[in-house]
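Work through the three exercises below with the structure open. Each task is followed by its solution.

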Amino acid sequence: MPRIRRQDYGILIPPALGGWEPTLTVTVVIPAHDRQETLDLTLAALSAQSYPEHLLDVIVVDDGSTTPLRLPEIVPARTKLISSPPGGWGRAWAVQAGLDAATGEVVFVLDADMVPHRQHVEAQLRWHHLAPYVVALGWIDFTAADGPLPTQERVVRALESGTEGELFPLAPHRHDWAEQIIHDHDGLRTAPSSLATRIHVGATVSYPAALLRSIGGMDTSLVLAEDTELGYRLTQAGAVYVPDPESRAWHVGLPTAMRDFQALKRYNDPYVADRVPYRRYLRTDPGRQWLVPYVDVTVPAGSYEDVRATVDSLLAGSLPDVRVTVIGPWDSLTAARRSPLADPLLDLRLVHASFDHDPRVHLRTSPGPLPGTAPFRLSVPPGWVVAKDTVERLVEHMEEHDLGTLRVALEETAEAGVTAARLDRTAALSRAALVSGPGDHPDDVIDAVFGLEWVDGETWGVKRRPALYPPRKRPPSELAQLTAAHQKEIALYRKRTAALRAELAQLRREAGKNGRDAARWREKAESWRREAVRLAREQNRTVLRRAVRRVRNLAFPDN
């Protein structure tokens, strides 16, 4: 099993197209609603694929078309048409119906307005032969499709002759944002996990069927944004995204995202914000709770004071979308008669009483999966408290370095060894589980596929709880309240006085500067006056000398 580190699928060497022998079966699922004209072209192109015919089958899912869809004359040999089952509608619902009926080892989802090139399926499938957790994506060229469409026969001839690039006029529109991400990150190989998931576009994409089913398939409650949500869950399952420019296809017409982006974004944002914690810019409202948290925290049950102190500090942190789970034998708490103060389960019962009705806290008997997979999982031993920004800073550090695990060292004793908290990236845990072999230590595998780092807890604001918890605070007396109020007023007046003194000092500085400027100008004026007198005298002497010479010349003309 190849161990791909983060997104760097460069260790996989794909075979040249046409120069290898495929073995995996693939089911192409085509969700369709009122797309008969373009569906015909999609099926014609699939009938002329280079991928072996005996390994490929096609399922067209009619998602409640106004006029029921039909299979045209030219289709792949093993093609069937089914209808979406009752109970739902939309693309996600139709794709899930196709997934439920698929028998291939790879599920290839292709929209009914796509016309793939001859090697489209083969180009993606070669990656699935190299690693069973690759999600391969095709490369899309757009056409405005404002003229007549080609016939099925012409599509087949174009694929067979290698001229499918001439089937349509190329529109100037592209998935610029996705192609830019891919270009800027060396074909996505250097992209961080939270960014790579963004390029998952469902118009042409193939999945390992087992991986797709392991996460529950599509979120059929969504009628839009289903690709974004699915891409997020695939990342958490350990998937690696491989965009393949040789898997080309025409998109007949422009998608909604290009025709009315703002309206689509307005619709999608609330659904995406609730389900995709990576979109931090959509979660700016303080105090909100979301379907899928950013960090899932686990705290083992312990003494009442220890557990309460730890959970309280986690809930008071600067990161709002945190969900806390306290693990303990809660099913042992019965209503049977007991001595309330001598109850052997007293601490457990007090913890239960403290958090049973807090929607941010879950009480569970085992650390099994919770609804909505968070991208980060934190475990903290009871009795340790975190600073307000500790969790947020730890997550930021993991994101900055795209780490798989942070081990936070808290203390070391001869009896218990090292006590540590732990922050894991869900995607790293999943990837490690996919590639681990017998005898592998989980942390060694995580370090290999994402990276593991130890940090000091005290440096990151993790410390023992106070000896007295919860702290006993008496309500302030009336005198204390009045004294505090007066102190606030005095402090306010002091601030105002300091501000006035500062303003006065500034005015004095300005006045002094003005005085110095005036003195300099007076000195310059006196200097200019003296210079003017000197020039006047010099001019007078020159005039006098000229007059004397003139008189002399008149009196003694011969001299």
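**Exercise 1.** Decide whether Thr-310 is buried or exposed, and find what surrounds the residue.

*Solution.*
- Start with accessibility in this predicted model. Thr-310 has 0% relative accessibility. Buried means under 20%, so Thr-310 counts as buried.
- Place the residue. Thr-310 belongs to helix H11, residues 304–315.
- List its contacts, leaving aside neighbours within four places in sequence. They are Val-299, Val-380, Pro-381, Pro-382, Gly-383, Trp-384 and Val-385.
- Look for a polar partner. A polar atom of the Thr-310 side chain lies 2.8 Å from the backbone oxygen of Trp-384.

**Exercise 2.** Work out why strand E8 is largely enclosed, and identify its pairing with E5 and E6.

*Solution.*
- Count the buried residues. E8 spans residues 240–252, and 10 of its 13 residues are buried, so the rest of the structure largely encloses this strand.
- Take E5, residues 114–116. E5 and E8 run antiparallel, joined by 3 bridges. Pro-116 stands opposite Ala-249 in E8.
- Take E6, residues 134–143. E6 and E8 run parallel, with 9 bridges between them. Here Ile-140 stands opposite Ala-249.

**Exercise 3.** Classify Arg-422 as buried or exposed, then find a polar contact of its side chain.

*Solution.*
- Locate Arg-422 in strand E15, residues 417–425.
- Check accessibility. The value is 16%, so Arg-422 counts as buried.
- Find the side-chain partner. Arg-422 and Asp-424 are joined by a polar contact of 2.8 Å between their side chains.
- Look further along the sequence. Not counting residues up to four places away, Arg-422 touches several residues, including Arg-377, Thr-405, Arg-407 and Asp-443.

Note on methods. Residues numbered from 1 in each chain as written. Predicted model: local features only at pLDDT ≥ 70, side-chain atom pairs only at ≥ 80, totals over all residues. Heavy atoms only, no water. Helix = DSSP H or I, 4+ residues; strand = E, 2+ residues; numbered from the N terminus. Buried < 20%, exposed > 50% of the residue type's maximum accessible area, 1.4 Å probe, protein only. Polar contact = N/O pair within 3.5 Å; in protein donor to acceptor, adjacent residues only side chain to side chain. Contact = heavy atoms within 4.5 Å. Pairing = 2+ DSSP bridges.
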